[in-house]
Amino acid sequence: MQAAARVARDHGIAPVLLGDALEGEARDLGIVMAGISKAAARHGTPAQPPLVLLSGGETTVSIGARTPGRGGRNTEFLLSLATALQGHPDIFALAADTDGIDGTEDAAGALIRPDTLSRGSARGLDAGAKLMAHDSYSYFDAIGELIRTGPTLTNVNDFRAVLVL
């Protein structure tokens, strides 16, 4: 996170470090991060845009009794974030596992942009239904936004960056 903060500062973007031990349900953290991001965009809190919210930690995905789709905690976080942001024009994000594998899939994580939901909808995807089915990997795969690094052979933490312009 410190290295990401340095890069952000070098590019005129204020880094806001939220900590490297954020836990809880991935979809809940997505909603919380959407709220913080929208507050920054609207009111300049916790900092004036452009800023990047940096966080780490390992969230969880509680499946329950239903048969899950494909995905891991980082893509579930991002699909929740995208759903809560509803195409906000000034917010972008990425989330990835530093070991290169999000859950049991072949991707480390994914990216969201303001058009993430509209691009999914254009392909006949319902982001809310995919989120409820724990099928975030399939959503991001269909819109070409998975991050595939391959195994990195290092497992430091999950990494999340939410850019507010």
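Proline 50 is found in the loop between H2 and E2, and the peptide bond that leads into it from proline 49 is cis, with omega near 0°. The same loop also holds proline 46, and here again the preceding peptide bond, from threonine 45 to proline 46, is cis, with omega near 10°. Just before this stretch, H2 is followed by glycine 44, whose phi is positive, near 75°. These backbone details belong to a predicted model, and they are a convenient place from which to move outward to the chain as a whole.

The chain has six helices and six strands, and from the N terminus on its elements run α-β-α-β-α-β-β-α-α-α-β-β. The C-alpha trace spans about 45 × 35 × 25 Å along its principal axes. The radius of gyration is 15 Å, which agrees with the value near 15 Å that a compact globule of 165 residues would have. Buried residues make up 44% of the 165 residues, and of the contacts with a separation of 6 or more, 76% are accounted for by residues 24 or more positions apart.

How is the interior of the chain put together? In soluble globular proteins, nonpolar side chains tend to be buried together. Here the largest nonpolar core has 32 residues, and those with the most contacts inside it are Phe77, Leu78, Leu81, Ile112, Tyr139 and Phe140. The elements that give two or more residues to this core are H2, strand E2 (51-56), helix H3 (73-85), strand E3 (91-97), strand E4 (109-112), helix H5 (127-132), helix H6 (136-142) and strand E6 (158-164). Of these, H3 provides the largest share, six residues. Phenylalanine 140, once its neighbours within four places in sequence are left aside, is in contact with Thr75, Leu78, Leu79, Ala110, Leu111, Ile112, Thr116, Glu145 and Leu146. A second, separate core of six residues includes Ala8, Ile13, Leu54 and Ala161.

Helix H2, one of the contributors to the largest core, can be followed in more detail. It has 18 residues and reaches 25 Å from its first C-alpha to its last, close to the 26 Å expected at 1.5 Å a residue. Its buried residues are Ala26, Arg27, Leu29, Gly30, Met33, Ala34, Ser37 and Ala40. Seen down the axis of H2, these buried residues fall within an arc of 145°, so they line one face of the helix. The spacing can be read against the geometry of the helix: an α-helix has 3.6 residues a turn, so residues three or four places apart point the same way. The buried residues of H2 pack against E2, H3, E3, H5 and E6, whereas on the other side of the helix Arg42 and His43 are exposed.

Among the buried residues of H2 is an arginine, and the cut-off explains how it comes to be classed in this way. Arginine 27, which lies in helix H2 (residues 26-43), counts as buried because its relative accessibility is 18%, and buried means under 20%. Not counting residues up to four places away in sequence, arginine 27 touches Glu76, Ser80, Leu131, Met132 and His134. With the last of these, histidine 134, the side chain of arginine 27 makes a side-chain polar contact at 3.5 Å.

Leucine 22 lies in the loop between strand E1 (14-17) and H2, and with a relative accessible area of 22% it is partly exposed. Leaving aside its neighbours within four places in sequence, leucine 22 is in contact with Leu29, Ser55, Gly56, Gly57, Glu58, Thr59 and Arg160. The C-alpha atoms of leucine 22 and serine 55 are separated by 7.2 Å, although the two residues are 33 residues apart along the chain.

Two further loops contain a residue other than glycine with a positive phi. In the loop between H3 and E3 is glutamine 86, whose phi is near 50° and which counts as exposed at 58% relative accessibility. In the loop between strand E5 (146-147) and E6 lies leucine 153; its phi is near 65°, and with a relative accessible area of 83% leucine 153 is exposed.

Notes
Residues are numbered from 1 along each chain as its sequence is written. This is a predicted model: local features need pLDDT of at least 70, side-chain atom pairs count only at pLDDT 80 or more; totals for chains, interfaces and linings use all residues. Side-chain values use heavy atoms; hydrogens and water are left out. Helices (H or I, at least four residues) and strands (E, at least two) are DSSP runs, numbered from the N terminus. Buried means under 20% relative accessible area, exposed over 50%, partly exposed in between (1.4 Å probe, protein chains only). A polar contact is a pair of N or O atoms within 3.5 Å; within protein, one must be able to donate a hydrogen and the other to accept it, and residues adjacent in sequence count only if both atoms are side-chain atoms. Contact means heavy atoms within 4.5 Å. A nonpolar core is a set of buried Ala, Val, Leu, Ile, Met, Phe, Trp, Tyr and Cys residues joined through side-chain atoms within 4.5 Å. The expected span of a helix is 1.5 Å times one less than its number of residues. The arc is that of the directions from the helix axis to the C-beta atoms. The radius of gyration is taken over C-alpha atoms; the globule rule is 2.2 Å times the number of residues to the power 0.38.
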